[in-house]
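Visitor: I would like to go through this protein with you, question by question, with the criteria behind each term spelled out.

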Amino acid sequence: MKRISMIVLACLLLLPASNAFGQTRRRSTGSSRRSRAAAQKTPAASAPAQAITAAAGRVAEQIKSLGRFLYLYGPISRELASGEAGARSNQSASEAVERNRAKLRDVFRGYSAQMDELETTFSSTPELRLYYAKLLGVAASATQAEEAVAAGRYNAAGNSLLDVMGRLTDVLVEMRSR
């Protein structure tokens, strides 16, 4: 049970922070100052491209985060499922399994909130509305994953997050192709 707790804690740490805590300014070298000066000459033309590039970066970060989490989630879900089977007769083990499930639910809830925020950003930003149709539904899939974990259906939860990851990848490919 300690191992599960440590893995769940590691997953919580992998969950990316919200944009409020993210880096808002990039560091630059002297050579990039010239390119920045050139970009400032045509701000109206580059503003949509900058919004799309920033959104593509956010989508890419979500994909990376989900990939890292899903890599760790497989062993966690197997241990939780086997722990639940053994905990039915042992009260203290049952409490530990429930605590671990609650921690895992928190991770899934965080992903659900992030996907909802991403959908909102894409629907409310004119430059990103073109990609919104492909993104639509990722928050619902993340919520399904959260509900599946709460019900102890770990495989279904993992499959829902894989669906989220696939949709995000499709959006990123479309954003990069235009």
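**An all-helix order of elements**

Guide: Read from the N terminus, the elements of the protein run α-α-α-α-α-α-α, where helices (H or I, at least four residues) and strands (E, at least two) are DSSP runs numbered from the N terminus. The model is a predicted one, in which local features need pLDDT of at least 70 and side-chain atom pairs count only at pLDDT 80 or more, while totals for chains, interfaces and linings use all residues. Residues are numbered from 1 along each chain as its sequence is written, and side-chain values use heavy atoms, with hydrogens and water left out.

Visitor: How many helices and how many strands does the secondary structure of the protein come to?
Guide: The order of elements from the N terminus is α-α-α-α-α-α-α. In total, the secondary structure comes to seven helices and zero strands.

Visitor: What percentage of the residues of the protein count as buried?
Guide: Buried means under 20% relative accessible area, exposed over 50%, and partly exposed in between, with a 1.4 Å probe and protein chains only. By that criterion, the share of the 178 residues that count as buried is 38%.

Visitor: Among contacts between residues at least 6 apart in sequence, what percentage join residues at least 24 apart?
Guide: Contact here means heavy atoms within 4.5 Å. Among the contacts between residues at least 6 apart in sequence, the share joining residues at least 24 apart is 78%.

Visitor: What distance does helix α6 reach from its first C-alpha to its last?
Guide: Helix α6 covers residues 138-150 and has 13 residues. The expected span is 1.5 Å times one less than the number of residues, which for α6 is given as 18 Å. Close to that expected value, the helix reaches 19 Å.

Visitor: Which residue just after α6 takes a positive phi?
Guide: Within α6, the buried residues include Val138, Ala139, Ala142 and Val149. Just after the helix, a positive phi of about 80° is taken by Gly152.

Visitor: Is Glu119 buried or exposed, and which side chain of opposite charge is nearest?
Guide: Glu119 is found in helix α4 (residues 91-124), and Glu119 is buried yet has no salt bridge, that is, no carboxyl oxygen within 4 Å of a side-chain nitrogen of Lys or Arg. Lys and Arg count as positive and Asp and Glu as negative, whereas His and the chain ends are not counted. The nearest side chain of opposite charge, 6.2 Å away from this buried residue, is that of Arg167.

Visitor: Which residue has its backbone nitrogen 2.9 Å from a polar atom of the side chain of Glu119?
Guide: Leaving aside neighbours within four places in sequence, Glu119 is in contact with Tyr132, Leu135, Leu136, Gly137, Val138 and Ala139. The side chain of Glu119 reaches the backbone nitrogen of Ala139 at 3.0 Å. The backbone nitrogen at 2.9 Å is that of Val138.

Visitor: With which residue does Asp163 form a salt bridge?
Guide: Side chains of opposite charge can pair when their charged atoms come close. Asp163 lies in helix α7 (residues 154-177), four residues and so about one helical turn from its partner, and counts as partly exposed because its relative accessibility is 32%. The closest N and O atoms are 3.4 Å apart, and the partner is Arg167.

Visitor: How many salt bridges does a search of the whole structure find?
Guide: One of them joins Glu61 and Lys64 at 3.4 Å, N to O, both in helix α3 (residues 43-87). Another pairs Glu98 with Arg105, the closest N and O atoms being 3.9 Å apart. Over the whole structure, the search finds seven.

Key: Polar contact = N/O pair within 3.5 Å; in protein donor to acceptor, adjacent residues only side chain to side chain.
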